[in-house]
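Reader: Hello! I would like a close look at a single part of this protein. Could you walk me through it?

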Amino acid sequence: MAAVALTVAALSLGSIGVASADDKGAAKSAAHAAHKAAHDANHAAKEALVATTIGVDAATIKTRLAAGETLGAIAGAKKDALIAALVAFKTKNIDAAVAAGKLTATQATAMKADLTAHVTERVNAVRGEGKGPKEGKGPKGPKPPKAPRP
């Protein structure tokens, strides 16, 4: 009981620091905002890289992808250059993650091993309808009314 009284007294005198829930929430929110900003910047850089490499503006690329064309078909004769540029872009991102301590060298090596095949597959793939992370597996609509009990 004496330990509880000492702890309460120390807290009231401010000798023991307690982070408030607001401080923790603000820090988490700031970290989330920073992560989102970095993700959005990386996405914009990749879009710009694709547009510059194949010589077609981003809006046209998005429209054609939505119409069911593959990125490889849109790139045409520049498809190989696009794949090389995207592999270099992804390699740079992997190397940056290793430098930041987010990946080990072993993980990076494994990721780079299949990178060209993965990028080629993505360039030749038809995009889905863009329904978000669940890929169309969301709710199936309103529940049917319950049957009356006998």
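Reader: Please take helices α5 and α7: how are they set relative to each other, oblique or parallel? I would also like to hear which residues make the contact.

Author: Happy to! Please keep in mind that this is a predicted model. Helix α5 covers residues 79-99 and helix α7 covers residues 115-124. Their axes lie 9 Å apart, and the two helices pack at an angle of about 125°. Angles from 65 to 115 degrees count as roughly perpendicular and those over 145 as roughly antiparallel, so α5 and α7 are oblique to each other. As for handedness, the crossing of α5 and α7 is right-handed.

Now to the side chains and their neighbours. From α5, the contact takes in Lys 79, Leu 82, Ile 83, Leu 86, Val 87, Lys 90, Thr 91 and Ile 94. On the α7 side, the partners are Leu 115, Thr 116, Val 119, Thr 120, Val 123 and Asn 124. Sorted by character, the residues of this contact comprise 8 nonpolar, 4 polar and 2 charged.

Helix α5 also takes part in a pocket. The second largest pocket, with a volume of about 350 Å³, has a lining of 14 residues. α5 gives the most to that lining, with 5 residues, and α2 (21-54) is also among the elements that give two or more. Nearest the centre of this pocket lie Asn 42, Asn 93, Ala 96, Ala 97 and Lys 102. By character, the lining of the pocket divides into 8 nonpolar, 4 polar and 2 charged residues.

How values were computed:
Residues are numbered from 1 along each chain as its sequence is written. This is a predicted model: local features need pLDDT of at least 70, side-chain atom pairs count only at pLDDT 80 or more; totals for chains, interfaces and linings use all residues. Side-chain values use heavy atoms; hydrogens and water are left out. Axes are lines fitted to C-alpha atoms, for helices over the stretch in contact, and angles run from 0 to 180 degrees between N-to-C directions. Helices (H or I, at least four residues) and strands (E, at least two) are DSSP runs, numbered from the N terminus. Angles under 35 degrees count as roughly parallel, over 145 as roughly antiparallel, 65 to 115 as roughly perpendicular and the rest as oblique. A crossing is left-handed if the near helix is turned anticlockwise from the far one by less than a right angle, and right-handed if clockwise. Contact means heavy atoms within 4.5 Å. Ala, Val, Leu, Ile, Met, Phe, Trp, Tyr, Cys and Pro count as nonpolar, Asp, Glu, Lys and Arg as charged, and the others, Gly among them, as polar. On a 1 Å grid over the protein atoms alone, a cavity is a set of points where a 1.4 Å probe fits but cannot get out, and a pocket is an open set with protein on both sides within 12 Å along at least five of seven lines; lining residues have an atom within 4 Å of a point. Grid points are joined across faces, edges and corners, and a volume is the space filled by probe spheres set on the points.
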